Amino acid sequence: MIHRSAFFAVTALAAVACNSPVAQAPTAQPAGAAPAAKAAETDTGGSAKGDFGPPVGAPVEAQLTTAPEVPAATGRKQPAKVVVDLEVREVVLPISEGVQYTFWTFGGHVPGRFIRVRQGDTVEFHLKNHPDNKMPHNIDLHAVTGPGGGAASSFTAPGHASQFTFKALNRGLYVYHCATAPVGMHIANGMYGLILVEPPEGLPPVDHEYYVMQGDFYTVGKYREKGPQGFDMQKAIEENATYVLFNGSEASLVGDNALKAKVGETVRLFVGNGGPNLVSSFHVIGEVFDRVYTEAGTRYQENVQTTVIPSGGAAIVEFKVEVPGTYVMVDHSIFRAFNKGALGMLKVEGEARKDLYSGKEIDSVYLADKASPSGVVQQATAESAQGTLSKSAQIAAGQALFQGTCSACHQADGKGLPNVFPPLAGSDFLNADKARAIGMPLNGRTGPITVNGQTYNSVMPPMSQLNDDEIANIMTYVYNSWGNSGKQVSAAEVKALRASTQAERPQGAAH
């Protein structure tokens, strides 16, 4: 007789084995034994089950989309010959407000165009390198079965085109990228995208599908340093990213560019990580993923808070939105979100569900200028480059920056918090000494100070993430608000004070 506890242990182990999301390898059978049981219908069998014969019917021109849009499902029941026509473009685009970068792209945008085919399709791939480009390029598609993923077959000089063919044997979501030496530099400049190989039966229907891809960027200048920025090879080798971004820009998925849905709808995100270096911890603040196809394979996990996406990998996440509001997408290696740019938004409209959640829509204090880029920083940057920077442009840019950098402590109205953070509004301390005031965000301050007759004893950390122009704009805004003296602060003044007070700053706070 089997002991009761042993019976339950065996039963539990059997249940775990049957429900495991990992495909089980066949067990070797001894000679003369009966054939192994037929694999479960859910076992896709990898590439061995992905060849459905030659293409049927006329060739199909692939519909390619720019992120965050996704092509429609193929809707086909038989394999086809699919023609993909993709052009490499080297283009200058904004990486942040007031900051330009020369991206190398598949299709003129970062990430590259989304490609959607069906398992078993024969893909005829045409890669063109625009004549105005300066570099040779190629493409390595992780969906390709064959050495190099197509890289050796697609090496293309500027003004030329290449062609190769492959059969999409494995279902799933796959990264593609340039693999021309130096490979890391080509990827770091934005040369990556996603190709979806649908299962023959297609994916379950949802209300919205979106394309989101993370990448890390390495610029000579620091984060948000204005003007044109070049690629920094040493930073890339050291994996010291200046920016970590969704879809190639800080503005790509915020404000008017946010993803959209309505209460009660289902959302599927095709999320990739181009790297070249960093692993993503993808998270949507305020949502739990109903399903995550881990590493974009066949099996899924349920009820997931944060999913890890390796460099050169992907995931498919699905969830239903039950509560209206703005949901923030981040890399939960959280400094990347708030100090390197890895932040996007999903705006959900519909009737409130007070039974599920009673809070406000969004915390604009901690999101600040990331919540809705207004163009005021870009305007101030342009005027500064032309030597015509006006006080009004500084004030507008400074206000946008103040909301995210300073308002949590000093409050949006400049009144501070009683007994904790001193007021900036009508501050005698601020107005008495301009250099001392600039030194507060630049070098920080610890210990008691007296403002308008009241003593405050708290800590002001150095705002080492701010550039000279950002400190100048914030201080100009503060000086021209809430009854203050109306002074104007220039980036040159901040730069000079930074140089003269270098010894005062704590180690690690200097730029």
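Among contacts in the chain (heavy atoms within 4.5 Å) between residues at least 6 apart in sequence, 70% join residues at least 24 apart. The model is predicted, so local features need pLDDT of at least 70 and side-chain atom pairs count only at pLDDT 80 or more, while totals for chains, interfaces and linings use all residues. Residues are numbered from 1 along each chain as its sequence is written, and side-chain values use heavy atoms, with hydrogens and water left out.

**Exercise 1. Take stock of the chain: how many helices and strands come up, and what percentage of the residues count as buried?**

Step 1. The secondary structure comes to twelve helices and 23 strands. Helices (H or I, at least four residues) and strands (E, at least two) are DSSP runs, numbered from the N terminus.

Step 2. Of the 511 residues, 48% count as buried. Buried means under 20% relative accessible area, exposed over 50%, and partly exposed in between, with a 1.4 Å probe and protein chains only.

**Exercise 2. Work out how the buried residues of α6 are arranged, and which elements they pack against.**

Step 1. Helix α6 covers residues 376-385, and its buried residues are Val376, Val377, Ala380, Thr381 and Glu383.

Step 2. Looking down the axis of α6, these buried residues fall within an arc of 165°, so they line one face of the helix. The arc is that of the directions from the helix axis to the C-beta atoms.

Step 3. The packing partners of the buried residues are β11 (227-229), α7 (391-405) and α11 (468-479).

Step 4. Just after α6, Gly387 has a positive phi of about 75°.

**Exercise 3. Describe α12, beginning with its buried side and ending with its crossing with α11.**

Step 1. Val494, Leu497 and Arg498 are buried in α12. They cover an arc of only 105° around the axis, which puts them on the same side of α12.

Step 2. On the face turned away from the buried side sit the exposed residues Ala492, Lys495, Ala499 and Ser500.

Step 3. The cover over the buried residues of α12 includes α10 (434-443) and α11.

Step 4. The axes of α11 and α12 (residues 491-500) come within 8 Å and cross at roughly 115°. Axes here are lines fitted to C-alpha atoms, for helices over the stretch in contact, and angles run from 0 to 180 degrees between N-to-C directions.

Step 5. The contact is made by Asp468, Asp469, Ile471 and Ala472 of α11 together with Ala491, Val494, Lys495 and Arg498 of α12. These residues divide into four nonpolar, no polar and four charged. In this scheme Ala, Val, Leu, Ile, Met, Phe, Trp, Tyr, Cys and Pro count as nonpolar, Asp, Glu, Lys and Arg as charged, and the others, Gly among them, as polar.

Step 6. The crossing of α11 past α12 is right-handed. A crossing is left-handed if the near helix is turned anticlockwise from the far one by less than a right angle, and right-handed if clockwise.

**Exercise 4. Find what surrounds Lys167, and which polar contacts its side chain makes.**

Step 1. Lys167 belongs to strand β7 (residues 161-167) and is partly exposed, at a relative accessible area of 24%.

Step 2. Apart from neighbours within four places in sequence, Lys167 is in contact with Asp51, Gly53, Pro54, Gly120, Asp121 and Thr122.

Step 3. Its side chain makes a polar contact with the side chain of Asp51 (2.9 Å) and reaches the backbone oxygen of Gly53 at 3.0 Å. A polar contact is a pair of N or O atoms within 3.5 Å; within protein, one must be able to donate a hydrogen and the other to accept it, and residues adjacent in sequence count only if both atoms are side-chain atoms.

Step 4. Lys167 and Pro55 are 112 residues apart in sequence and 9.8 Å apart in space, C-alpha to C-alpha.

**Exercise 5. Is His410 buried or exposed, and which residues does it touch?**

Step 1. His410 lies in helix α8 (residues 407-410) and is buried, with a relative accessible area of 12%.

Step 2. Beyond its neighbours within four places in sequence, His410 is in contact with Phe402, Lys415, Gly416, Pro422 and Leu424.

Step 3. A polar atom of the His410 side chain lies 3.0 Å from the backbone oxygen of Pro422.
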